[in-house]
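Thanks for passing this one along. Here are some notes to read with the model open beside you.

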Amino acid sequence: MPDLLLELFSEEIPARMQAQAADTLRKLVTDALVERGLLYEGAKAFVTPRRLALAVHGLPGRQADSREERKGPRVGAPEGAIQGFLKSAGLASIEQAKIESDPKKGEFYVAVIERPGKATTEVIAEIVPEIVRSFPWPKSMRWGTGTMRWVRPLHSIVCTFGTEVEDPEVVRFEVEGIVSGDVTRGHRFLAPEPFAVRRLEDWMAKLEAAKVVADRDRRKAIILNDAKDLALVHGLELVEDEGLLEEVCGLVEWPVTLMGSFEERFLDIPDEVIRATIRANQKCFVLRDPRTGRLANRFILVSNIAATDGGAAIVAGNERVIRARLSDAKFFWDTDRRTAMADRMSKFDAITFHEKLGSQGARINRIVALAREIAPRIGADVELTEQAARLAKADLLTEVVGEFPELQGLMGRYYAQHEKLPPEVAAACEEHYKPQGPSDRVPTAPVSIAVALADKLDTLVGFWAIDEKPTGSKDPYALRRAALGVIRIILDNNLRLPLRPLLVSASRTILGEEHFERNPHDVFRLETIADKVVSDLLQGLARRLANLPADADVESAERVEGMTLSGDLADDLLAFFGDRLKVHLRDRGARHDLVDAVFALPGQDDLLLVDRRVAALAAFLETEDGRTLLAGYRRAVNILRIEEKKDGVAYKGPSEAKLLKEPAEEHLAAAIETVKRQVADAVAREDFAAAMGALAHLRGPVDAFFEGVTVNAPEAALRVNRLKLLDEIRSATRGIADFDRIEG
């Protein structure tokens, strides 16, 4: 079957746009072909700095013929209706339509529209120009006197179609004066002359001969392998960098790796600063000396040409620029170390963190207070924690971090080590930002944990207080990441750290003690917020599961000095926390319905216990006892709901012993009381496996009850008592989770 080759040849496409552009071209063209009935066997996109290309394999030679019957008006309809039908069906007269009969509607006209399929080349000639003209580049430009916009000036278009055993046909069309053909060009400097191509294999082979590696993945492999080999020759190791590799691959069509060097005196600079300097300014890879584990005074650059002098001039130019940039970096590093971290802190008072949340200095004070409260609860030294929390942000005011913001935290550790501060303080300066993503490591040192939690909780409570919450895909303050960070820190470190008191403290420090002196009644309201922080988690999750907006059914919040102090803050913030926890546990294999079932219980502010309870519940429901009990529970609850709705009354236990007439109901009532005590004792010991085991003892009595007892007995008192007994089944399971929320 025939294949399509399309190449759009232009000036240099920015490296950051290339991969997405290749995917977009493939999708737009193949979707358009399929929409027109042209199915294909495979498609692959290619991109280099100067060309965007697509090969589509296994296309048919033409579209299939189509036949459509279009129903028209009734025979004898007004002339206007008939003329409209003829126009829409493309008929010259009503005689060209046939008449069909319907027993109910009578006779009516039907137009039979037969369309012969077009040649695939015609279809391609229709769709490609439109795709080129409307291609969704992030940024585009016009050039010359034309009106079309493209990422860079477009020079030529190759479009051929044909089978492997015949000369392909050039698909002819025009886009803003550029006529499609079969001629392209190779490397700008090494092989600039035009040449004709036929199909994909011919195109790739001739481009290779013209010093262009068309396949992006192959260019990346060449760069990586050549760089490793060159490093190995000199007894060094390449420091791999996937992001830099992607970028460099988009800068060259004919990659040539070269090695340069810089003076050893620059190795006094931290390795990360050297790497950031060389990466940012010259897009070069750094090398590591395996004997020392530190960077070597060498780097690898990737040239786009094979120079006649072996690349000596290219290397010399890069060395000159890198030497200048490293000189700047060394100056910054040396200058920063002359000022102690503590001496920088006063400057934060003059820097605004957020107009509604005060200065950076005020925020640091809040973090210090909250970190001091967290420290004894997780076994961290309080004084070291306070010192770390006080200095953790100091590196934000340094020259190095000003030049390379991505090094914040890390540079704090280096400056703390330079000042010979305690190792715990130095580590916390770096680790309090972590984790910054799902793959980032979690701090494990107690001091680092305390400062990291304080930093994230202050951020969350602060922005919730001023109603700056994430909406949809927008999260400008990275609050989702902060919430997930709190969850991961607590769970990964097996911390018993209830959230309620921490949220209370964070709220108090944000609002300020002087506010509570003026408004003493708000102390109680703040405690109410803290209580709702955990108990309302499930309600927030239910809103989200029902795809309602986060503020659905939420009343207007009170404002105190521009900050929200109502239960709405707790509703939304804890729903947000719960949503993040649910996602985290689900990613670890937990069922979302079990997470919801546990969160439905009041007071679930200990994330570690939530995790353990969900795991125990999942294991229980995998057993025969668990599945059978769940079925019995549902039967009981369904009966109870039906009768409550019919009677307009809520039947709540306990049942009355004197009205228990059947042995099965007496046995069930006794089993429920025993199980309630056993579950409560096990939960109090935090032995959730034992609690599930106790719950399993209800299976037999519940089954026997439904087999031997009629719930809707003729005697009214007996019926009510048995409905109350069903409610006690529900109450017994509530010691573990809300079984109403368990699916399946």
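The points below go through the sheets, the cores, a helix pair and two single residues.

1. A word on the basis. This is a predicted model, in which local features need pLDDT of at least 70 and side-chain atom pairs count only at pLDDT 80 or more, while totals for chains, interfaces and linings use all residues. Residues are numbered from 1 along each chain as its sequence is written, and side-chain values use heavy atoms, with hydrogens and water left out.

2. The five-stranded sheet. Here five strands make an open sheet in the order 2-3-1-7-8, with antiparallel pairing. Helices (H or I, at least four residues) and strands (E, at least two) are DSSP runs numbered from the N terminus, and two strands pair if DSSP finds at least two bridges between them. At the edges you will find strand 2 (42-48) and strand 8 (169-170), each pairing on one side only. Inside the sheet, six bridges link strand 1 (residues 3-10) and strand 3 (residues 51-57) in the antiparallel sense; L8 has L52 of strand 3 as its bridge partner.

3. Helices on that sheet. Helix 1 (residues 15-35) packs on the sheet and touches strand 1, strand 2 and strand 3, its direction making about 35 degrees with that of strand 3. Helix 3 (residues 120-133) also packs on the sheet, touching strand 1, strand 7 (154-162) and strand 8, and its direction makes about 155 degrees with that of strand 7. Axes are lines fitted to C-alpha atoms, for helices over the stretch in contact, and angles run from 0 to 180 degrees between N-to-C directions; contact means heavy atoms within 4.5 Å.

4. The four-stranded sheet. This open sheet has the order 13-15-16-14, and its pairing is antiparallel. Strand 13 (237-238) and strand 14 (256-261) are the edges; each has a single partner strand, so one side of each lacks a neighbour in the sheet. Strand 14 is joined to strand 16 (residues 295-303) by six bridges, running antiparallel, and S261 has R298 of strand 16 as its bridge partner. Helix 5 (residues 216-233) lies across strand 13, strand 14, strand 15 (285-288) and strand 16, at about 40 degrees to strand 14.

5. Buried residue I278. Take a look at I278 in helix 7 (residues 271-282). I278 counts as buried because its relative accessibility is 0% (buried is under 20% relative accessible area, exposed over 50%, partly exposed in between, with a 1.4 Å probe and protein chains only). Beyond neighbours within four places in sequence, I278 is in contact with F262, K283, C284, V286, F299 and I322.

6. The cores. The largest nonpolar core (buried Ala, Val, Leu, Ile, Met, Phe, Trp, Tyr and Cys residues joined through side-chain atoms within 4.5 Å) has 142 residues, and I374, M411, L460, L617, L695 and L698 have the most contacts inside it. Helix 15 (residues 446-465) gives the most to this core, with twelve residues. A second, separate core has 36 residues, including V132 and M148.

7. A helix crossing. The axes of helix 16 (residues 479-492) and helix 23 (residues 607-621) come within 9 Å and cross at roughly 70 degrees. The contact uses I487, I490 and L491 of helix 16 and L607, L608 and D611 of helix 23.

8. Buried residue T385. In helix 11 (residues 382-391) sits T385, which counts as buried at 0% relative accessibility. Not counting residues up to four places away in sequence, T385 touches A371, R372, A375, A380, V447, A450 and V451.
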